[in-house]
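Work through the exercises below with the model open beside you, and try each task before reading its solution.

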Amino acid sequence: MKVVKFGGSSLASGEQLKKVLQIVVSDSSRKVVVVSAPGKRYSDDIKVTDMLIECAEKHLENEDAKVIFQAIIDRYESIVKELSIPSDIIQTITNDLKELLESDKSKPESYLDAVKASGEDNNAKLIAAYFQHSGVDAQYVNPKDAGLLVSDEPGNAQVLPESYENLYKLRDRKGIIIFPGFFGYSKSGEVLTFSRSGSDITGSILANGIKADLYENFTDVDAVYSVNPTIVQNPKEIVELTYREMRELSYAGFSVFHDEALIPAFRAGIPVNVKNTNNPSAPGTKIVNERANSNGPVIGIASDKGFCSIYISKYLMNREIGFGRKLLQILEDYGLTYEHVPSGIDDVTVILRQKQMSKKVEKQITERIMTELQADEVIIEHDLVLIMVVGEGMRHNVGTTARASKALADAGVNIEMINQGSSEVSMMFGVKEPQEKRAVQALYNEFFVAVPV
Ligand SMILES: Nc1ncnc2c1ncn2[C@@H]1O[C@H](COP(=O)(O)OP(=O)(O)O)[C@@H](O)[C@H]1O
Ligand SMILES: N[C@@H](CC(=O)OP(=O)(O)O)C(=O)O
């Protein structure tokens, strides 16, 4: 039995849905089909989820939302027309969205989640209608009926362990199950979404729940590439990589697969196959527990923007009991999460996502670190890019850091920071945003261009 997830790009138009239907029916073991909301048809198109967010925000601000509401309905309508299926599904979607938009707004975050989730929910209904119209035995299943329970964290829900036992029962349902991705229900019955791009997470949870043999994740590229294809042209395809490698790479910018989506599949030992809806006969990339190591120390290079660093120096910091705890307590007081903490004898740097921190908070934090921790110096730097060089082979290879640093130096890239050691399979470099492309290209040339395929 397989769980198959189709991302927004695979569901953006009627033409794409025709491919989806062919893929599903071509393999009778494809039992559960997880779907996203319609995504982009072309690069500057707008995803339905983004339109829903705009629409909900307008309602929350009591602004006129007619135009954006109609644009959302038009997206579904154009798909229905292309597929020539009965138009009553449009009335169902219109009524559902209207009702949601008029619902209780006393908890804006919950309201926003319910509206956002309707993108996948209504698309799943539409796709089930299309499958049935085409003579396929398929049914829409709602996550509440299936028992997909999640924590009460709007926009960042986590699956509750009891879900898995509930979901196992899906195995007994007749026909193909069309399941909306991206959201679940709290124990009190409220809709809550995962973080953005979270339909990948639903697919992984379902794969674990029904104890699938394989989780196929269909997207718009032939494979997971060794580097983001929007940064380096025609990068090398990855045939196989481990859960650990994929987790690090997706955390660090490989947006092709959500970083939180690996854990449920990994725990149940279910392999993941990333494949292309537009070229389904291509083998894609397999994510597995262990892989043959034949391609050198590095499997992938990922980069992600939007970080800042707080550098703190204080003479004899290493001798001071509780310095780290007090520093992190200050960040906790402002509700900030941090990503990495590289440290030296007299200094420490904390790396954070910069969108969490306003200028005012930065000023207050700096003052508190100076006065409460008696630091010698506090410097906040913005617009950093973190580049992650990842590979299981790095554990056994001497000199990978030296090769990477030399490649960056030769390309004239100024390394703001290096973090190596906490993870056995990755090393991280911090560079300034304008140097991202040059740095990634230099690392790619070093580890891939000279390597035989
Ligand atoms: N290393 C990578 N390999 C493949 N695709 C990548 C990589 N890094 C980023 N991407 C981007 O991820 C995109 C697919 O993810 P996404 O747009 O979320 O698809 P979907 O709509 O199927 O969910 C690709 O089109 C590509 O631009
Ligand atoms: N539609 C949601 C969830 C999702 O997974 O979408 P996609 O498959 O298009 O990345 C989002 O845009 O966040």
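**Domains and their contact**

The C-alpha centres of domain 1 and domain 2 lie 33 Å apart, the domain bounds coming from an automatic or database domain assignment. This is a predicted model, in which local features need pLDDT of at least 70 and side-chain atom pairs count only at pLDDT 80 or more, while totals for chains, interfaces and linings use all residues. Residues are numbered from 1 along each chain as its sequence is written, and chains are lettered from A and ligands numbered from 1 in the order in which they are written.

**Exercise 1.** Find how many residues each domain brings to the contact.

*Solution.* Begin with the bounds, which are 2–288 for domain 1 and 300–449 for domain 2. Next, count residues in contact (C-beta atoms, placed from the backbone, within 7 Å): domain 1 gives 16 residues and domain 2 gives 18 residues. Finally, on the side of domain 1 that touches domain 2, helix H9 (residues 243–251) supplies the largest share, four residues.

**Exercise 2.** Compare the expected span of helix H5 with the distance between its end C-alpha atoms.

*Solution.* Helices are DSSP runs (H or I, at least four residues), numbered from the N terminus. The expected span is 1.5 Å times one less than the number of residues, so the 26 residues of H5 (residues 108–133) should span 38 Å, in agreement with the 38 Å between the end C-alpha atoms. Lastly, just after H5, glycine 135 takes a positive phi of about 85 degrees.

**Exercise 3.** Determine how many residues of H5 are buried (20 or more other C-beta atoms, placed from the backbone, within 10 Å of their own).

*Solution.* The count is 21 of 26, so that H5 is mostly covered.

Terms used: Helices (H or I, at least four residues) and strands (E, at least two) are DSSP runs, numbered from the N terminus. A residue is buried if 20 or more other C-beta atoms lie within 10 Å of its own, exposed if 12 or fewer, and partly exposed in between; C-beta atoms are placed from the backbone. Two residues are in contact if their C-beta atoms, placed from the backbone, lie within 7 Å.
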